[in-house]
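I opened a fresh page for this one. Here are my notes, in the order I looked things up.

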Amino acid sequence: MYDWLHDALDESTCVVTANRRLARELHNSWSAHKIADGAAAWRTPDIQPWTSWLGAMLASARRQDGIPTRINAHQSQLLWERCLRKELGDDVTGVPTLVRLARDTWQRLADACVSIQDVARTAYSDDQRLYAAAAGRYLSVLENEGWVDDAGLAAQVLCHLRSDGVPLQKRYVFAGFDRPRAAVTVVQDALVKAGSDVVIQPPANQGAEAVIHAFEARDEEMRCAGAWARRVIHEKPDANIAIVVQGLEQTAGRDLQLVREGFVPGWQYGPAAVRDAVNISYGKRLGEYPAIAVALLALRWLVTDLSAGEVSRLLGSPLLGAGELDARARLELRLRQLPDRPWAPSMLSAALRGNSEAAHAEDWFARIAAFSKRRRELPKSASPAAWVMLFDDCLQALGWPGTGPNDSNDFQLVNRWRELLNDFAKLDLVSSSMSASLAVPQLERMAADTLFQP
């Protein structure tokens with residue numbers, strides 16, 4: 001499928017891909033090719049997604065003085081939120097959604113090489129003028145602090161290319177850029193002027209004819225797409241099949257289930273290989289995974305009382321504590337008999353202790369007591385890095401993520417949570433201090449904005 005890759009890669013060639021998924025696929029294809037050739041070891045090929053490649057180019061600049069500090073997506077979101085609130089006021093609702101839209105627009109403007117001055121000059125509606133004002137404020141913060149976000153990397157690399165400020169490979173191959181972007185084009189032109197060869201790998205031409213089928217409902221269409229894929233696999237066992245779905249970000253989970261139903265009816269009762277034969281390119285939001293949802297709910301208990309239903313989720317979760325699920329299930333039944341009200345950790349222990357159901361849940365009560373103590377001792381304000389240490393300590397006190405065996409997906413998920421906490425700690429750069437009532441919702445928003453796929 002990637003025959004061109006084997007001819008393109010050598011020690012003086014760098015392959016730049018449009019996204020991370022293609023970069024992983026090309027790495028896997030290269031490894032499979034080497035194994036088929038009988039190689040036991042080989043040099044890691046220089047294959048990088050666009051944004052990572054831009055960052056690597058800046059990191060390799062001959063002179064590092066004057067290069068702005070790179071901020072990540074979460075730091076950028078926090079800055080955008082502040083800038084939008086400056087323009088809209090603190091009482092406005094739906095700011096997280098506005099932040100996502102503002103950042104997407106900012107990235108699109110950067111890709112099209114359109115400056116914010118051009119946006120402000122041509123704005124003709126109140127919304128456009130408001131966005132131009134917020135974006136101008138955001139850009140001023142970046143320039144005053146010496147920061148650069150992902151959208152500004154291409155412009156930075158372009159400056160260094162024009163001044164011969166970065167060492168270059170002899171050849172660059174760009175793959176997967178099926179939609180022209182001005183920012184990519186100008187960087188490619190600068191590479192050519194600097195003396196490098198630039199090859200733009202065209203998309204593969206499958207030579208197939210399009211056939212239209214009509215369906216009464218989306219569910220039927222998804223199941224039939226899976227059945228079609230099964231027929232193709234029977235005819236061509238080595239085929240890789242792509243099903244392109246519109247609006248996947250809204251219906252990813254259901255679409256995946258429907259395609260699997262069409263591909264292998266009854267896949268739920270088959271081995272894991274049957275389930276994994278259909279892979280979706282759009283991951284779930286990190287906060288939607290049960291293990292992360294439980295962790296976030298537990299941390300929310302640090303700053304607010306939980307409802308009886310939310311406490312029941314914690315009581316019944318095997319991701320907390322060290323077993324005792326039968327005893328905790330009896331406690332949960334006892335909780336249902338009490339009047340519904342917001343529960344603090346100490347109030348919950350006082351209400352459930354002393355009953356026969358509590359006799360075999362001493363470990364749980366000890367953990368709740370330790371958690372309650374940490375809640376009482378919360379500082380009024382702390383740095384994001386300090387909050388990360390405290391959050392991790394509180395989750396360990398509750399026994400998260402449990403004592404059961406972890407498979408590969410569980411291991412990857414916990415590691416991704418650790419990475420999210422590291423990203424939260426890096427907010428120190430843009431926010432030196434915040435209260436617990438702001439820190440916990442900020443972490444929840446970051447989990448909601450993070451896509452993860454094992």
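Is Tyr 289 buried or exposed? I looked it up, keeping in mind that this is a predicted model. Tyr 289 comes out buried, at a relative accessible area of 12%.

**Aromatic rings.** Next I searched the whole structure for aromatic pairs and got 14. One of them joins Tyr 289 to Phe 452, edge-to-face, with 5.5 Å from centre to centre and 70° between the planes. I then checked where the two partners sit. Tyr 289 is in the loop between β7 (284–285) and α13 (290–300), while Phe 452 belongs to strand β8 (residues 451–452), so this pair ties together parts 163 residues apart in sequence. Phe 452 is buried too, with 8% relative accessibility.

Tyr 289 has another neighbour worth jotting down: the charged end of Lys 284 sits over its ring, 4.4 Å from the centre. I found a similar arrangement with Arg 341, whose charged end sits over the ring of Trp 343, 5.4 Å from the ring centre. I also noted a cluster linked by ring pairs, made up of Trp 50, Trp 53, Tyr 172, Phe 174 and Phe 177.

**Empty space.** How many cavities of 30 Å³ or more does the structure hold? I got one, and the volume of the largest cavity is about 100 Å³. Its lining includes Gln 77, Leu 78, Pro 96, Arg 100, Arg 445 and Asp 449. Helices α4 (73–88), α5 (95–111) and α20 (436–449) are the elements that each give two or more residues to that lining. I marked α20 as the top contributor, with four residues. By type, I have four nonpolar, two polar and four charged lining residues.

**Cysteines.** How many disulfides are there? My count is zero. I looked at Cys 113 in particular: the nearest cysteine sulfur belongs to Cys 159 and is 11 Å away, whereas a disulfide needs the two sulfurs within 2.5 Å. Cys 113 is partly exposed, at 46% relative accessible area. Cys 394, on the other hand, is buried at 0%.

**One more residue.** Last, I checked Asp 393, which lies in helix α18 (residues 384–397). Asp 393 is partly exposed, with a relative accessible area of 36%. I also took its distance to Arg 374: the two are 19 residues apart in sequence, and their C-alpha atoms are 9.0 Å apart in space.

Methods: Residues numbered from 1 in each chain as written. Predicted model: local features only at pLDDT ≥ 70, side-chain atom pairs only at ≥ 80, totals over all residues. Heavy atoms only, no water. Buried < 20%, exposed > 50% of the residue type's maximum accessible area, 1.4 Å probe, protein only. 1 Å grid on protein atoms, 1.4 Å probe; cavity = no way out; pocket = protein on both sides within 12 Å on 5 of 7 lines; lining within 4 Å. Points joined across faces, edges and corners; volume = space filled by probe spheres on them. Nonpolar A, V, L, I, M, F, W, Y, C, P; charged D, E, K, R; others polar. Phe/Tyr/Trp six-rings, centres within 6.5 Å; stacked < 30°, edge-to-face > 60°. Lys NZ or Arg CZ within 6 Å of the ring centre and 35° of its normal.
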